[in-house]
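Work through the exercises below with the sequence and the 3D structure at hand. Each task is followed by a solution in steps.

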Amino acid sequence: MSEKKSGQDDSYHCSFCGKTQDEVTRLIAGPGVFICDECVQLCNTILADDEEIKSDNGAFKKLLKPKEIKAILDEYVIGQNEAKKSLSVAVYNHYKRIQYDQKGLAKNIQNTSGKDHYPELDKSNILLIGSTGSGKTLLAQTLSKILKVPMAIVDATALTEAGYVGEDVENILLRLYQNAEQDIAKTEMGIIYIDEIDKIARKGDNPSITRDVSGEGVQQALLKIIEGTVASVPPVGGRKHPHQDFLTINTRNILFICGGAFEGLEEVVGNRIEKTTLGFDSQTKSKKKEDRKKFLKQVIPEDLMRYGLIPEFIGRLPIIRTLDPLNEDALVQILTEPKNSLVKQYQAVFDMEGVKLNFTHEAILEIARLGIKRETGARGLRSIIEEVIGELMYEIPSMKGVEEVTITNGVVSSGEKPEIKYFGEKDVNKAKKNLQIKTADDDDRLIHPA
């Protein structure tokens, strides 16, 4: 039966908005109801928005393949090819597993072995070993941007067991929740990077009868969260108490990446390889940097246990990758090549003032040499540049007519003044040059008349 608007018996109307057939372009009839084209369009918009929300909180529209992930990492992170390949594969497999779980394919698809479903896949958390400034944190941050998932970066040195002074390990989930715009579904697909993980190594080889609340105790507290559990987290952080509401967060699909410098680990590996308990001799110590790279490439879980990580904790970080220490060439590339390189960042700052900033190649080399000398890796490059152009950044906004500034090797190495070029200088110099040529021609004619 068709619906007619009250008082207009001959005119059909939309059952949703009430508009008559004369007020809309088209009226679609159904079993006893009508819907206008405007309401159809509105419904399509609502469904599209709902689908986008599901895509953000659930399955990925498109999961990049390992080669595609590494190609993007190459744009932001210099070197570390082995680590980037391993991370790309680990992240791809992790989110592929989530994707299959969300679509319900893991239980319903017939795999190549002929079985009617895939086995339940465990996640592969990652441990990155590398000296300060080698790119551990940057790799994790870039992965988060590539995958468009929320990320939290925490420092292991601030964590303690529940009930002790410090920060409960469960609060790291709260940080991820806040970075996920307080969306539980996004939180449960995020990435947590725990830095300085080597600082929570057990103090000594043998278990202590006293509590090691910032070392082994933290490792024990992290076990369940890293492996996958349903955690109850205070919504505003701080300590738990009985009379409060909790956020319930399932950590099964949260990817954990742990990073640390592990100073001295090369000696542990070297002792195992050389089968000696005397450590390195004086000659080996003098070649510590070369040996560190060689030995860390051969690290195994047993070495990490000797360093102070408990077996259960190591077992929850199955992928172990070592980052190479950065040499001078790598630092030069870091300064200039990535999309967000430091030189490009500071050039953008000066560009906002209408000033072009240049660095000579020799200046870039000197900055890299200072970075090597300070042993701070890429992390220390920003502070070096700040020291070099800090005064300039203070003065430039108040200076008039500055067109271009050039940082030379002398500015970096000995504090010389940068080369500053003002608007109109080229025209003035050109005029002076033309005037000099004309005067010389006149003088020539006076001395040697035609």
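**Exercise 1. Find how strands β7 and β10 are joined, and name the partner of Ile192.**

Solution. Strand β7 (residues 191-195) and strand β10 (residues 255-260) run parallel and are joined by 4 bridges. Strands, like helices, are DSSP runs numbered from the N terminus: helices are H or I with at least four residues, strands are E with at least two. Two strands pair if DSSP finds at least two bridges between them. The bridge partner of Ile192 in β10 is Phe256.

Before going on, note what the model is. It is predicted, so local features need pLDDT of at least 70 and side-chain atom pairs count only at pLDDT 80 or more, while totals for chains, interfaces and linings use all residues. Residues are numbered from 1 along each chain as its sequence is written, and side-chain values use heavy atoms, with hydrogens and water left out.

**Exercise 2. Place these strands in their sheet and state which strands form its edges.**

Solution. The open sheet has 5 strands in the order β4-β7-β10-β3-β11, with parallel pairing. Its edge strands, β4 (151-155) and β11 (319-322), each pair on one side only. On average, neighbouring strands of this sheet are turned by 20° against each other, direction ignored. Helix α6 (residues 171-179) lies across β4, β7 and β10 and runs at about 145° to β4. For such angles, axes are lines fitted to C-alpha atoms, for helices over the stretch in contact (heavy atoms within 4.5 Å). The angles run from 0 to 180 degrees between N-to-C directions.

**Exercise 3. Sort the residues of β8 by face and find the residue opposite Ser232.**

Solution. In a regular strand the side chains alternate between the two faces of the sheet. Strand β8 (residues 230-233) has Ala231 and Val233 on its covered face, and Val230 and Ser232 on the uncovered one. Next, look at the pairing: 4 bridges join β8 to strand β9 (residues 247-250), and the two run antiparallel. Ser232 stands opposite Thr248 in β9.

**Exercise 4. Examine the salt bridge of Arg272 and Asp303: are its residues buried, partly exposed or exposed?**

Solution. A salt bridge needs a side-chain nitrogen of Lys or Arg within 4 Å of a carboxyl oxygen of Asp or Glu. By this rule there are 16 salt bridges. The side chains of Arg272 and Asp303 meet in one of them, at 2.7 Å from N to O. This pair links distant parts of the chain, 31 residues apart: Arg272 is in helix α9 (residues 265-274) and Asp303 in helix α12 (residues 301-307). Now apply the accessibility classes: buried is under 20% relative accessible area, exposed is over 50%, and partly exposed is in between (1.4 Å probe, protein chains only). Arg272 has 24% and is partly exposed, whereas Asp303 has 0% and is buried.

**Exercise 5. Why does Cys14 form no disulfide with Cys17?**

Solution. A disulfide is a covalent bond between the sulfur atoms of two cysteines. The test used here asks for a pair of cysteine sulfur atoms within 2.5 Å. The closest cysteine sulfur to that of Cys14 is in Cys17, 3.7 Å away, so the two are too far apart for a bond. Cys14 is buried, at 1% relative accessibility. Cys17 is in no disulfide either, and its nearest cysteine sulfur, that of Cys36, is 3.7 Å away. Cys17 is partly exposed, at 37%. A search of the whole structure finds 0 disulfides.
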